[in-house]
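Subject: Structure for your files

Dear colleague,

Here is the structure I said I would pass on. My notes on the chain come after it.

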Amino acid sequence: MTTTQNETGNSGSGFAPVLTRAAEAETTRDPSSVMTLLADSGNTGGRLTSYRSTFAEGAVGAPAHLHTEASEMFYVIDGALQVLVGEEITVLRAGDFLLVPPHTPHAFAAAPGATADVLFVLTPGAGRFDYLRLLGRVMRGEADPQEIMDSSERFDNHYVDSPLWREALAARG
């Protein structure tokens, strides 16, 4: 990789280029998904956080939530992802892209009967790797779920009630 660097060792952007090799990427997991951590706010000058999640068939991802600062981008690499955006539920398929602006309630899960492989990018970043690690520990029963609730401001992840999403999940059986 070639880049022009100034005397501080970066390209003038406030951070050095970020390269995460697949074989060296940190992963965290819960019972239904594996998250590959790619780039976080600490090494992107706060600009973004990016990770890849692979969801087991029909696995529930995130409950209804919103971000007050971050926009969240979804790119479906393979499979199908069921998403709530505001008051609408849709299914994203391989090659589909979705951008959810701040203050917009959203949730996601592998579509019923499908797996999903999804690239996520949040901008600006907010130290989300620590959140994903905590989430994995909670899902595995190694940490108290209250820790997630207590971290909402730190990680810009605010849970909201969505009767529509609850109904969609209940319909899965």
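Four helices and ten strands make up the secondary structure of the chain. Please keep in mind that this is a predicted model. Read from the N terminus, the order of elements is β-β-β-β-β-β-β-β-β-α-α-α-β-α.

On overall dimensions, the radius of gyration is 17 Å, which agrees with the value near 16 Å that a compact globule of 173 residues would have. Along the principal axes, the C-alpha atoms occupy a box of roughly 60 × 35 × 30 Å.

On packing, 42% of the 173 residues are buried. If you take the contacts with a separation of 6 or more, 68% of them join residues 24 or more positions apart.

The surface comes to about 8900 Å² of exposed area, and 52% of that is supplied by carbon and sulfur atoms. As for charge, the chain carries 12 positive and 22 negative charges. The mean position of the positive charges lies 5 Å from that of the negative ones.

One annotation is worth passing on with the file. UniProt, in an unreviewed entry, gives "domain: Cupin type-2" for residues 53-121. In the model, that stretch is 67% strand and 0% helix. The C-alpha atoms at the two ends of residues 53-121 are 11 Å apart.

Regards

Technical notes:
Residues are numbered from 1 along each chain as its sequence is written. This is a predicted model: local features need pLDDT of at least 70, side-chain atom pairs count only at pLDDT 80 or more; totals for chains, interfaces and linings use all residues. Side-chain values use heavy atoms; hydrogens and water are left out. The radius of gyration is taken over C-alpha atoms; the globule rule is 2.2 Å times the number of residues to the power 0.38. Buried means under 20% relative accessible area, exposed over 50%, partly exposed in between (1.4 Å probe, protein chains only). Contact means heavy atoms within 4.5 Å. Accessible areas come from the Shrake-Rupley method with a 1.4 Å probe; for residues, only the protein chains shown count as cover. Lys and Arg count as positive and Asp and Glu as negative; His and the chain ends are not counted. The place of a charge is taken as NZ of Lys, CZ of Arg, CG of Asp or CD of Glu. UniProt positions are given in the numbering used here, feature names are shortened, and annotations may be inferred rather than shown by experiment.
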